[in-house]
Amino acid sequence: MRFDEFDLHDEILEAISYMGFEKASPIQEKAIPLILENKDLLAFAQTGTGKTAAFILPILDKIAHSKGDSINTLIIVPTRELAIQIDQQIQGFSYFLPTNSIAIYGGGDGSDWVTQSKALKNKTDIIVATPGKLISHLNVGNIKFEQLQHLVLDEADRMLDMGFYDDIQRIVSYLPKKRQTLLFSATMPPKIKKLSSAILDKPEEIAIELSKPAEKVLQAAYLCSENHKTPFINHLINQKEDYKSILIFTSTKAKVNQIVRGLKNKNYQTDGISSDLEQSERENVLSAFKAKRTRVLVATDVISRGIDIKDIELIINYDVPGDAEDYVHRVGRTARAESEGVAVTLINENDMFRFKKIEELIETEIIKLPIPPEIGKSPEWNPKSQNFRFKNNQRKNRKK
Ligand code: AMP
């Protein structure tokens, strides 16, 4: 479906064509008409499907028709990176409109608070905020939501995982009862159902290709003992000279530092990002990677959800993520929308059982390869025996 088949303002269609979007993605095709019809929405879609534009475009269209002079739309998101990214997308799509927006998040120095407070006192159409910081502004009466028309919760499952259920309820208590509410979530845990029945009014439900990485990602796995992982990624990165953007995921902050040190020793332009960094440092690291000044970025799952970096050619999962959904999010960083990408996972003896669970979730069997013999011997693929050991360990732990 083409964008001009939706009933959207010409200024918005012009911005869409400047962005180079040709056809609407499936979530956009389903969500845009429903949002234009003022329906509440419960949408299951992962990042990489085009879900951000699916809610921004119709909301911008409605703001362009409205005559309000205070906050029209509140978008609540789990992380500051996502807040900044959505705010940037709003600025892109509203380039030819008088609409303005602001991102509100914590982690900066005190000057952010002053800038945010000032901006909130002026006319702001759209606020994109993380829950904690928004509540701080609400507590001191910085924000008035009397004319609010739209509430969007993005990555709602992630927010609940992070313990924001009560904060969200609290924020909602400040909003007018009559409003349109849109809830986007990658998964459907019972808590999402509970939240949606508390804050949505007769929502339309849509689900888009849940839990499957974009089709253009070439996925592979290497069976690799822990002590062979560093030499193997050195080998992999060395072999792929033409790859200018490589993202390595690992589950702990300590491992990020260890991997960065190893790669820097080999003279690869490498940076690490985890929640240890200050907000300004995180932004600098991300922009150097986006601008391709850094070739390899090593990250914890802090950036696996929602963050949109174009043209990542290779994702390496240094370890198998604990949560199968995180695999989908990590792999979703490559091959976003129209491009192609490769995602490689390193599986050691203890992670086989968990990797099998991921394959079940994504309904795909991923090819498993041995590492080159000059680096070491690969363990045999045997997810069942790990299953047994895993259960035994759990039993032992419970007895302790
Ligand atoms: P999202 O799922 O919102 O994180 O979007 C993923 C990426 O797809 C972003 O880089 C968007 O700019 C891009 N995108 C969204 N919609 C389209 C579209 N209809 N055509 C091409 N790219 C798109």
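This passage describes an open sheet, the helices that pack on it, and two nonpolar cores. The structure is a predicted model.

The sheet is a good place to start. Seven strands make up this open sheet, with parallel pairing, and following them across gives the order β10-β11-β9-β12-β13-β8-β14. The edges are taken by β10 (270-273) and β14 (367-370); each has a single partner strand, so one side of each is left without a neighbour in the sheet. From one strand to the next, the twist averages 20 degrees. At the β14 edge, this strand runs parallel to β8 (residues 217-223), and four bridges join the two. One residue to look for here is L223, whose bridge partner in β14 is P370.

Two helices can then be placed against these strands. Helix α10 (residues 229-239) packs on the sheet and touches β8, β9 (246-249), β11 (296-299), β12 (314-317) and β13 (341-347), with its direction at about 165 degrees to that of β13. Helix α13 (residues 324-331) lies across β8, β9, β12 and β13, and runs at about 155 degrees to β12.

Turning to the nonpolar cores, the largest holds 41 residues, and L41, F55, I75 and I86 have the most contacts inside it. Two or more residues each come from α1 (10-19), α2 (26-36), β1 (41-44), α3 (51-65), α4 (80-93), β4 (126-129) and β6 (180-185). The most is given by α3, with eight residues. Beyond its neighbours within four places in sequence, I75 is in contact with F55, I86, I90, I126, I127, V128, A129 and V152. Apart from this core lies another, of 32 residues, including I104, L138, I168 and I171.

Terms used
Residues numbered from 1 in each chain as written. Predicted model: local features only at pLDDT ≥ 70, side-chain atom pairs only at ≥ 80, totals over all residues. Heavy atoms only, no water. Pairing = 2+ DSSP bridges. Axes fitted to C-alpha atoms, helices over the stretch in contact; angles between N-to-C directions. Contact = heavy atoms within 4.5 Å. Core = buried A, V, L, I, M, F, W, Y, C linked by side-chain atoms within 4.5 Å. Buried < 20%, exposed > 50% of the residue type's maximum accessible area, 1.4 Å probe, protein only.
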